[in-house]
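Got your viewer open? Let's take a short walk through this one, stop by stop.

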Amino acid sequence: MNPDPNKPPLWRRYARFFGADPAADAREELAFHLESKTEELIAQGWSPEAARKEARRQFGEIRAIERIGAVMGEKMERKRRLKDYATDLAHDVRYTLRTLRRDAGFTMVAIAILALAIGANIAVFSVVNTLLLRPLPFPNAQQLVWIAPPPMKCGLSCATYSSDAYDEFRSMSRSYQDVTGYFAFSDQDNYHLTGHGDPVPLTAIGVISNFFQVLGVKPQMGRLFTDADAHASHVGASSAILISNAWWKHQFAADPNIVGKTVDLDGTQATVIGVLPAGFDFGAVFSPGTKVDAFTPVNLDEGRDWGNLFTFLGRLKPGVTVEQARAEAAIIAPKLYFNAKYPDTLGNYKGQVIPEPLKQYVSGKLRRSLIVLWSAVGMILLIACVNLSNLLLARAGARSKEWAMRGALGASRARIIRQLLTESLMLSISGAILGLILAAALLFWLSHQGSVALPLLADLRIDSAALIWTLLIAITAALVFGIVPGMRMARINFQEALKDSGAGTGQSRKHERIRSILVVTEVALACMLLVGAGLLLRSFLKVVDLDLGFQPSRAAAVIVDYDDSVPNDKTGVLSAQKRGVIFQQILSRIMAIPGIQAAGTSDYLPLGRNRAWGLPIPQGKNPQDYKDLVGPLVYVVSPGYIRAMGMKLRGRDFTWNDGPNSPGVVLISKAMARFFWPNEDAVGKILVGRGNLTSPTMRVIGVVDDVHADSVEGATGWQIYYPMTQTSPLAAYLVLRTTLPPATMAASVMHVLRTLNPKQTAAEFMPIQTLVDHANSPRRFFMLLVVSFATLGLLLAALGIYGVISYAVTRQTQEIGIRMALGASAGRVQRQVLTNTLRLALAGIVLGTAASLIASRLIAAMLFEVSPWDTNTFAAMAAILITVAIVAGYLPARRASRIDPMVALRSN
Amino acid sequence: MPKEKLEFFRGTLDVLILKALVWGPQHGYAITTFIREHSGSVLLVEEGTLYPALWRLENKKLLAAEWGLSENNRKAKFYRLTAAGKKQLREELATWEAYAAAVSKVLSATHPVLGEGQA
């Protein structure tokens, strides 16, 4: 009855070849019972036929029992499988922990590589997620559209609309729940909070009263603006303000009773009517890299004659697409008046009202950069995987005996592969955890880079999407870098591995070939990264080197408070005279400070906000000839400004004698002069347009360099400069050119300003270089990231080269020993190893260069005055790679050349 | 053939199966034979009860099953006691004996309970 347990019958071995089959088991078990019963009955004298019937009868519902058996068997089978799996897994994990601990050096290197690569990936994913994937931080943000003209050369004035245009567009459009906008020309620190010691500068933006309602922003405390607030408010003197959460915390120590209190803003008592929620950051969305402290309601009626003031924003009705809104806007635009008082301004906005998704406006420009960044970290991850594959292969070589032993002891190949994959997974999960920490640190740092002009930076964080992404890349990475060594290990010839270390056998030669292929791949990827980084770096250097038309170094600006108001001054002449006196005094006192080379004021600075008035035309020409041209950017400056900014001037500068009652004078930019008087000297010519306070004509007294006024990289438009004594400036930035670093001059300059005007605020002393840096910050940001990723890639590639060459030298110790015994010199051996290294590196470089030639087309749009096939960059990157390869190969080469033939031959 | 059938008390079949396996692995048919013969053909195990009971015990890890060859060289599923099964059998035996002794003590009573009324 009892079967021999040591000898399973033949059928048993194949009985469940295709896995367990509980239903069949139950059937067979019951069939055996029936047969036994029948036999017993026959033995008792029943006829076979009757016996079979009787046995069946006694059994009853055999099918039902079979079914019970099948179900229970299935259940047991499942439990068994699960348990087997769990036991195996626990075993694998324990085993892995043990081996990884034993090999601490390898483990640490592997985890560090993975942490860097995965960390970079998480960080970049979070940036991409925040800027591109996640909706903007407003309810139903997909309904929000930005409404603006196509880009033009006249700066902000050509990107904005007038009060009349707003009212008409709002009433004519049917696509929107509502349309709103904000005053686009507010400068930083345009208000001053007084009453608490030194006046505190703050930035306040004027918004159309429904602004927050359209965005869907609810106040944390208090209420939002109403139309009544708007009507009661005047430019520079608002009776109601809303304050940002950050400013509330910072300036008012999060005063819970702030709502209803009045604050003194530039001499006007303004009531704080509400505090905005912490989640609303105006700067992050509309004006990256700046902070906005407060909001005032804009009185639309007040600004009707002031031209273009507002940027438009709309919230589409549910179900209305951007295309529909665009089509509608194209029909409405020609019906808008620039100023309803002047019928000939009908149609000024023709073709200039184009809605686009707000998200597109905020981050659309960054799309390509982000995708490039994303690809770069993807490549880093690939390089890291290749590297890990390589490390694992090297380790696998050393462990082949261990695997052979396990194989011989009955571990299946699947089991061995699983063991290897468990190791890979544990490595990559550990790397991912460390990477998460790295990424969190990096993101924390990034989100506090307030001065980088990138939108939504403060929103950067690791969210659930980033965690899922982490898990995904950790598992993918484990599979990618674990599969090659896994397959190789599983294919190992156990016997051969057991016999000897396998040195010099076909197996490890094959191994080496795979490792070489991996290293070549790695070098190729690093090469692509380096070329990309090199092109971006070169572009950045070109941008930094760009002649902006002014000299940012050793110049600084500070905003000067002044009061030039004169009662009953209808024409502005009196206040212009007063202004002249004030600033002549200020500038002469400032110039007296040792170390100040030049000083002057302007109401706008390059690369900041700007404005344009209409186009003046040369006297005697037909205005119709210049109909479609846009006006130059306007700067109202004092004598000395041109020199203080370091701009080159042909002709003469303004003097204090160019007063309100003397003939109008202007300076114009080279490009404008060349356009109006192509073959003549512009100096001395007369322009007609918005002249000085008393006459429409103005004499061009000088031509200055074209200034990159709107953007560093963009094409330069025209500029025109008016003297502050003939036109009203909006503000006065005092620009200083110093022989010493500007920061050291701050105290003495502020002292002079305070002496002359006790109300002068403690304004920030801003180096002009900061303006340029701010404008360049997105490019610098992306360039720095890509360059650091490329460096990381290069490092990893170097590690890969070193690993492979070093391993090859170890493996060939004996061979090298023999060669040296036969007379090969140390130098020769060293050369040979280095040649091998270079062969790998060159193969990688050739491959990488070829791939870069194709891939760099993708980043062409991000380059500045650099060809995507820039030979210098390609050559330089190849040179760097070769140098690094030589360094990486030198260490093993030196080791090879120091091999003692005797020792090498004796040892095995 | 039995003269009369006795119904099993609930749980009794389990302990009988465990007992049947004390001497070594058996297939289901042998277990029915064992119970029938040792009970003098009084206890008859129905197949519809036996096999589900066997599978239940296997599931509870009191029994382990393995395929083998029967005495007449046929493929049959053999059950054997696991360590847990042996332990279970010992406990059931003790319980059963205590129970049987108690029941038989009561049944062999010779006088009524000494109630308060008679005191």
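We'll visit the interface between two chains, then a cavity.

Before you click, know that this is a predicted model, where local features need pLDDT of at least 70, side-chain atom pairs count only at pLDDT 80 or more, and totals for chains, interfaces and linings use all residues. Residues are numbered from 1 along each chain as its sequence is written, chains are lettered from A and ligands numbered from 1 in the order written, and side-chain values use heavy atoms, with hydrogens and water left out.

**Stop one: the interface.** Select chain B and show what touches chain A: 28 residues of chain B are in contact with 28 residues of chain A (heavy atoms within 4.5 Å). Together they bury about 2,900 Å², with carbon and sulfur atoms giving 60% of that; buried area is the accessible area (1.4 Å probe) that the two parts lose on being put together, summed over both. Now pick Tyr29(B), Trp55(B) and Trp67(B), which supply 27% of the area chain B buries against chain A, more than any other three residues.

**Stop two: the charges.** Five salt bridges turn up across this interface (a side-chain nitrogen of Lys or Arg within 4 Å of a carboxyl oxygen of Asp or Glu). Zoom in on Arg74(B) and Glu39(A), one such pair, whose closest N and O atoms are 2.2 Å apart. Next, color chain B by secondary structure (DSSP runs, helices H or I of at least four residues and strands E of at least two, numbered from the N terminus). Helix H3 (47-59) is among the elements that supply at least two residues to the side touching chain A, and H3(B) gives the most, with eight.

**Stop three: the cavity.** Where is the largest cavity lined? Select Ala123(A), Val124(A), Val127(A), Leu373(A), Leu442(A), Leu446(A), Leu785(A) and Phe789(A). About 40 Å³ of space lies inside. H5(A) gives the most to this lining, with three residues, while helix H14 (413-447) and helix H22 (768-811) of chain A each supply at least two. On a 1 Å grid over protein atoms alone, a cavity is points where a 1.4 Å probe fits but cannot get out; lining residues have an atom within 4 Å of a point.

Technical notes: On a 1 Å grid over the protein atoms alone, a cavity is a set of points where a 1.4 Å probe fits but cannot get out, and a pocket is an open set with protein on both sides within 12 Å along at least five of seven lines; lining residues have an atom within 4 Å of a point. Grid points are joined across faces, edges and corners, and a volume is the space filled by probe spheres set on the points.
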